[in-house]
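Let's take a walk through this structure together, one region at a time. Keep the picture beside you as you read.

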Amino acid sequence: MITKTVKDYTTIFKIPKNEIEVIDFALCNQPRETIDSYYARQDIKPALICNGGFFNMSDGQTIFNFKDNGKYISQAASYAEGMGVRDKNILEFGEHTNREYTDFISGYPVFVKDGREVITNVGSEINYRARRTILAYDKDNVYLILVDSPGLTFNMVKSLLIGTLKVDYAINLDGGGSTRCLYNGKVDVSSTYNRAVDNVICFYMKPEKVIYRVQVGAFS
């Protein structure tokens with residue numbers, strides 16, 4: 001079951017952990033590929049697919065730390081913290097040096113850790129109202145949050161994560177023109193943006209699970 005909640009330009013997917021079959025952080029055809037193209041060539045289609053981690057816009061190269069199927073695609077001393085996948089369907093916050101992770105993706109900045117706001121000294125060049133992609137989780141659910149135009153600042157994102165959703169961990173992923181997802185094969189954020197990206201995040205659900213959509217109130 002995926003419960004999707006929508007308020008204005010913010011799309012929130014609430015995915016119960018016990019209904020996830022596989023979480024896959026996957027490298028696209030290099031140097032870049034659209035999410036739609038990646039989805040189309042998969043024999044088994046994910047229920048939900050979105051853009052993933054940061055990459056160099058000039059050449060499409062993966063940056064920070066990214067691990068796919070046990071193999072490092074990119075390693076960096078900085079931005080060691082992010083989300084890793086264990087046992088195919090367990091999402092866990094940590095550092096990439098935990099060798100148990102089959103897949104790993106760096107997050108910058110980290111928004112929430114142990115249920116508390118992470119104070120990050122980031123410059124105004126990235127802390128403004130922007131389209132964003134955020135991966136988070138609590139004890140029972142994984143959250144995928146996609147922010148469309150006109151976007152959210154980091155403080156607005158933290159208000160949503162801590163004040164409304166009350167997540168335990170949350171990281172910022174690539175955003176801007178990269179923010180895009182397909183939900184059961186259909187575009188679920190503005191179709192204006194369809195940037196070719198370096199990597200994607202896929203959620204495959206256990207059989208015969210119903211996907212619900214509900215509305216929630218505004219957040220500040």
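A good place to start is Phe203. Leaving aside its neighbours within four places in sequence, Phe203 touches Ile15, Ile20, Val22, Ile23, Pro46, Ala47, Leu48, Leu135 and Val142. Please keep in mind that this is a predicted model.

What is Phe203 part of? It is among the residues with the most contacts inside the largest nonpolar core, which has 29 residues. Phe25, Met83, Leu91 and Leu135 are also on that list. Leu135 is thus a name you have now met twice, as it is also one of the contacts of Phe203. There is a second core too, separate from this one, with 16 residues, among them Val112, Val147, Leu160 and Leu161. As a general background, nonpolar side chains in soluble globular proteins tend to be buried together.

Two residues of that second core, Leu160 and Leu161, bring us to helix α2, which covers residues 154-165. The helix is twelve residues long, and from its first C-alpha to its last it reaches 15 Å, close to the 16 Å expected at 1.5 Å a residue. Which residues of α2 are buried? They are Phe154, Val157, Lys158, Leu160, Leu161 and Leu165. If you look down the axis of α2, these buried residues fall within an arc of 155 degrees, so they line one face of the helix. The general rule behind such patterns is that an α-helix has 3.6 residues a turn, so residues three or four places apart point the same way.

What do the buried residues of α2 pack against? Their partners are the strands β2 (10-16), β10 (110-113), β11 (116-117), β12 (130-137), β13 (141-152) and β14 (169-172). Just after the helix comes Lys166, which takes a positive phi of about 55 degrees.

Now turn to the strands of an open sheet. It has five of them, in the order β3-β17-β4-β15-β16, and their pairing is antiparallel. At the edges are β3 (20-27) and β16 (186-187), each of which pairs on one side only. Follow β16 to its partner: strand β15 (residues 181-183) is joined to β16 by two bridges, and the two run antiparallel. In one of the pairings between them, Leu182 has Val187 in β16 as its bridge partner.

Our last stop is the charged side chains. How many salt bridges does a search of the whole structure find? There are eight. One of them is between Arg131 and Asp148, with N and O 3.0 Å apart. This pair links distant parts of the chain, since Arg131 sits in strand β12 and Asp148 in strand β13, 17 residues apart. Arg131 is buried, at 6% relative accessible area, and Asp148 also counts as buried, at 11%.

Three other residues, Arg86, Asp87 and Glu92, are joined into one network by salt bridges that share partners. Arg86 meets Asp87 at 3.7 Å, N to O, and its closest N and O atoms with Glu92 are 3.0 Å apart. Are these residues buried or exposed? Arg86 is buried, with a relative accessible area of 18%, while Asp87 is exposed at 54% and Glu92 is partly exposed at 21%.

How values were computed
Residues numbered from 1 in each chain as written. Predicted model: local features only at pLDDT ≥ 70, side-chain atom pairs only at ≥ 80, totals over all residues. Heavy atoms only, no water. Core = buried A, V, L, I, M, F, W, Y, C linked by side-chain atoms within 4.5 Å. Buried < 20%, exposed > 50% of the residue type's maximum accessible area, 1.4 Å probe, protein only. Contact = heavy atoms within 4.5 Å. Helix = DSSP H or I, 4+ residues; strand = E, 2+ residues; numbered from the N terminus. Expected span 1.5 Å × (residues − 1). Arc of directions from axis to C-beta. Pairing = 2+ DSSP bridges. Salt bridge = Lys/Arg side-chain N within 4 Å of Asp/Glu carboxyl O.
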